[in-house]
Amino acid sequence: MRFDIFTLFPEVFTPYLESSILKRAISNHLLEVSLHNIRDWAADKHHTTDDTPYGGGGGMVMKPEPVFASFEAALGEEPKFPRILLTPQGRPFTHAIARDLSRETRIALLCGHYEGFDERIREHLVTDEISIGDYVLTGGELAAMILVDSISRFLPGVLGDPEGAIDDSFASGLLEYPQYTRPEEFRGWKVPDVLLSGNHAAIQKWRREQALARTLLRRPDLLGNLELSKADRKYLDSLSADDSPAERNSK
Ligand code: ADE
């Protein structure tokens with residue numbers, strides 16, 4: 001999978017790409033990230049990439065010419081792969097979008113700065129617009145890095161554990177169940193007995209119930225989209241808002 005990132009600040013990506021899992025994915029040739037500085041494609045001697053908006057008003061707008069020129073130089077005229085603008089006006093990013101995008105072989109990401117983009121970039125250059133949340137960042141770089149990171153986790157071989165992306169929070173549509181590791185007791189707080197029991201069926205049941213309880217408590221909106229089994233429904237019905245042990249555990 002290859003990402004082409006178009007930005008005014010290519011240097012901000014490097015430390016993250018040179019650390020941990022993404023670093024390993026790049027050196028194992030599972031992932032390639034090409035950084036393109038839009039400013040290199042500004043035609044005037046001051047390398048201007050923004051200008052005041054037609055019609056007046058405050059703020060600056062990203063000019064179309066350097067953005068189009070940088071895309072055309074790196075990608076050719078008519079690339080068939082997704083060209084995504086990072087913007088708070090885009091469709092909300094989710095686990096499912098990350099998984100779908102991980103099936104592409106190449107993705108271009110465009111990071112904005114200033115108050116916005118010339119609308120012709122939206123209309124004639126990008127194929128998609130994505131937001132990472134209902135808040136405004138100073139630029140699209142962090143949002144682009146979040147896409148690269150979350151999409152890369154789905155690429156075969158990127159996570160040490162091939163089940164990693166399957167067991168995630170959201171993969172099942174539920175938040176993830178609580179996890180514990182050694183020691184068995186820490187400052188008087190014990191690991192739940194069932195996890196030490198060696199009884200796989202009981203462990204599976206406990207994890208499922210914990211995931212259901214946690215999702216009901218923290219993200220009840222997610223439950224509406226799910227196909228739940230009879231046992232799931234029965235368990236959820238048994239939880240009263242405040243006093244079940246599962247609810248207490250997950251606080
Ligand atoms: N650029 C600025 N804010 C953003 C957001 N919330 N999502 C994606 N790109 C952005």
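Colleague: Hi! How do the residues of the shell around the ligand divide into nonpolar, polar and charged?

Modeller: Eight are nonpolar, five are polar and no residue of that shell is charged. Keep in mind that this is a predicted model.

Colleague: Noted. And how many residues surround the ligand?

Modeller: There are 13 of them, and the closest are T87, I132, G133, Y135 and L137.

Colleague: Let's take Y135. What does its backbone do with the ligand?

Modeller: A polar backbone atom of Y135 is 2.8 Å from a nitrogen atom of the ligand.

Colleague: What about L137, how far is its backbone from a ligand nitrogen?

Modeller: For L137, a backbone N or O atom lies 3.0 Å from a nitrogen atom of the ligand. T87 also has a polar backbone atom facing a ligand nitrogen, at 3.1 Å.

Colleague: How much of the ligand's accessible area does the protein cover?

Modeller: On its own the ligand has 260 Å² of accessible area, and the protein covers 95% of that.

Colleague: OK, and which pocket does the ligand sit in?

Modeller: The second largest one.

Colleague: Which strands supply at least two residues of the shell each?

Modeller: That would be β5, residues 83–92, and β8, residues 128–131. β5 gives the largest share of the shell, with three residues.

Colleague: How do β5 and β8 pair, parallel or antiparallel?

Modeller: Parallel, over five bridges. If you want a spot to look at, find L86, which stands opposite I130 in β8.

Colleague: Which other strand is β5 joined to, and by how many bridges?

Modeller: β5 is joined to β6, residues 106–111, by four bridges, and these two strands run parallel. One place to find the pairing is R83, whose bridge partner in β6 is A108.

Colleague: Remind me, what do strands of a sheet pair through?

Modeller: Backbone hydrogen bonds, and the strands can be parallel or antiparallel.

Colleague: Changing topic: in what order do β3, β4 and β7 come in their sheet?

Modeller: The order is β3-β4-β7, in an open sheet of three strands with mixed pairing.

Colleague: Why is one side of β3 and of β7 left without a neighbour there?

Modeller: Because β3 (50–51) and β7 (116–117) stand at the edges and each has a single partner strand.

Colleague: And how does β3 run against β4?

Modeller: Antiparallel, with two bridges joining β3 to β4, which spans residues 61–62. To spot that pairing on screen, look for D51, because its bridge partner in β4 is V61.

Colleague: Great, I'll go and have a look.

Technical notes
Residues numbered from 1 in each chain as written. Predicted model: local features only at pLDDT ≥ 70, side-chain atom pairs only at ≥ 80, totals over all residues. Heavy atoms only, no water. Near = heavy atom within 4 Å. Polar contact = N/O pair within 3.5 Å; in protein donor to acceptor, adjacent residues only side chain to side chain. Areas by Shrake-Rupley, 256 points an atom, 1.4 Å probe, with all protein chains shown as cover. 1 Å grid on protein atoms, 1.4 Å probe; cavity = no way out; pocket = protein on both sides within 12 Å on 5 of 7 lines; lining within 4 Å. Sits in = over half its atoms within 2 Å of the grid points. Nonpolar A, V, L, I, M, F, W, Y, C, P; charged D, E, K, R; others polar. Pairing = 2+ DSSP bridges.
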